[in-house]
Amino acid sequence: MTQIKTGLDEAYATAAEWINAADSLVIGAGAGMGVDSGLPDFRGKHGFWRAYPALENESIGFTDIANPLAFYGRPRLAWGFYGHRLNLYRQTEPHAGYRILLGWGEKMRYRYRVFTSNVDGHFLQAGFDENAIHECHGSIHFLQCLEPCNTDIWSANSFIPDIDEERCYLRNKPPRCQRCGNISRPNILMFNDGDWIYERTRKQVIAQEQWLESVAKPLVIEIGAGTAIPSVRHFSRRMQKEYRAKLIRINPDDAFSINEQSLTLPVGALEALQKIAAMVEVQPGIC
């Protein structure tokens, strides 16, 4: 136990040195980023069913309900699930780790970019620049036509879901397409989804790629990214390979490791960020 703790202490100090030396920050965030805010991360079907016991009663798993077919077959159940999540994300305050990351990124010469598979909108809520965020799976705060009859995307702000949480069921009327009047759905990439409207995310990709061409010493901090849906991990590996970025991985499910190019901290997001923050001395970049 003492040896692991000593290793972690050294790793926190190394992480701080890498942050101080970087000219830009790339944040890669998966579902584990939101756990310290009180959000579920749906790890395994039993973890999902603990959050949504009504779906367990019907043996409906995450891949069944997070699926366009659910909106065609049982729209009030599908919107019961997504409406509950929309309310939860609106009501939940992002934890202090978001502000720590933002503080580091704002002081670097080329600032920061966020690559996240999370659809909760919490980076924007925490004060990050909307133009610096790439939500690779979309956002629950935007809607699109279920069909879709067009390529429009619009804000979900006017939709206030009334959810029967015991039944995971939408009591009020589901939102409708502004053009054809059909049921709308979140602008989120779901399982078996050929109808996700990619345009908003495509623009985020273009902005991200243009920014990456301008940086020299990017540092990646990857937080709470799993392997079941490895979008964020793939992005981190690409950053290491193409941009020679150093990687700080924060994930309690991974084993501790450290070498010259990467280190892994097997702890939660907030704890790791606070420990590193106590050692960081990032100064504003000189342009």
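**Reading salt bridges and packing**

Modeller: Let us start in helix α10 (residues 231-243), where Glu242 and Arg238 are 4 residues apart, so that about one helical turn separates them. Please keep in mind that this is a predicted model.

Colleague: What does Glu242 form with Arg238?

Modeller: The general idea is that side chains of opposite charge can pair when their charged atoms come close. In this structure Glu242 forms a salt bridge with Arg238, and the closest N and O atoms are 3.2 Å apart, which falls within the 4 Å that the rule allows. Arg238 counts as partly exposed, because its relative accessibility is 24%, and partly exposed is the class between under 20% and over 50%.

Colleague: Which residue does Arg202 meet in a salt bridge, and what is the N to O distance?

Modeller: The side chain of Arg202 meets that of Glu199, with 2.7 Å from N to O. The two residues lie 3 residues apart in helix α9 (residues 199-212), which is about one turn of the helix. Arg202 is partly exposed at 35% relative accessibility, and Glu199, with a relative accessible area of 32%, is partly exposed as well.

Colleague: How far apart are the closest N and O atoms of Glu271 and Lys275?

Modeller: They are 3.6 Å apart, and the pair forms a salt bridge. Glu271 and Lys275 are 4 residues apart in helix α11 (residues 269-277), so about one helical turn lies between them. Glu271 counts as partly exposed at 39% relative accessibility, while Lys275 is partly exposed with a relative accessible area of 38%. Elsewhere, salt bridges with shared partners join Glu222, Arg233, Arg249 and Asp254 into one network.

Colleague: How many salt bridges does the count come to?

Modeller: By this rule the count comes to 13 salt bridges. As for the charges of the protein, the mean positions of the 31 positive and the 33 negative ones are 3 Å apart.

Colleague: Turning to the whole fold, how many helices and strands does the protein have, and why is it as compact as a globular protein of that length?

Modeller: The protein has 11 helices and 12 strands. Its radius of gyration is 20 Å, close to the 19 Å that the globule rule gives for 287 residues, so the protein is as compact as a globular protein of that length. Along the principal axes, the C-alpha atoms fill a box of roughly 55 × 45 × 30 Å.

Colleague: What percentage of the residues count as buried, and what area does the protein expose?

Modeller: Of the 287 residues, 53% count as buried. The protein exposes about 13,800 Å², and carbon and sulfur atoms supply 49% of that area. To see how the chain comes together, take the contacts between residues at least 6 apart in sequence, among which 69% join residues at least 24 apart.

Colleague: Let us take a single residue as a last case. Where is Ala22 found, and is Ala22 buried or exposed?

Modeller: Ala22 is found in the loop between α1 (2-21) and β1 (24-29). With a relative accessible area of 12%, Ala22 is buried, because the class takes in values under 20%.

Colleague: Which residues is Ala22 in contact with, leaving aside its neighbours within four places in sequence?

Modeller: Those partners are Met108, Lys217 and Leu219. For Ala96, which is 74 residues from Ala22 along the chain, the separation between the two C-alpha atoms is 22 Å.

Terms used. Residues numbered from 1 in each chain as written. Predicted model: local features only at pLDDT ≥ 70, side-chain atom pairs only at ≥ 80, totals over all residues. Heavy atoms only, no water. Buried < 20%, exposed > 50% of the residue type's maximum accessible area, 1.4 Å probe, protein only. Rg over C-alpha atoms; globule rule 2.2 N^0.38 Å. Contact = heavy atoms within 4.5 Å. Areas by Shrake-Rupley, 256 points an atom, 1.4 Å probe, with all protein chains shown as cover. Lys, Arg positive; Asp, Glu negative; His and termini not counted. Charge placed at Lys NZ, Arg CZ, Asp CG, Glu CD.
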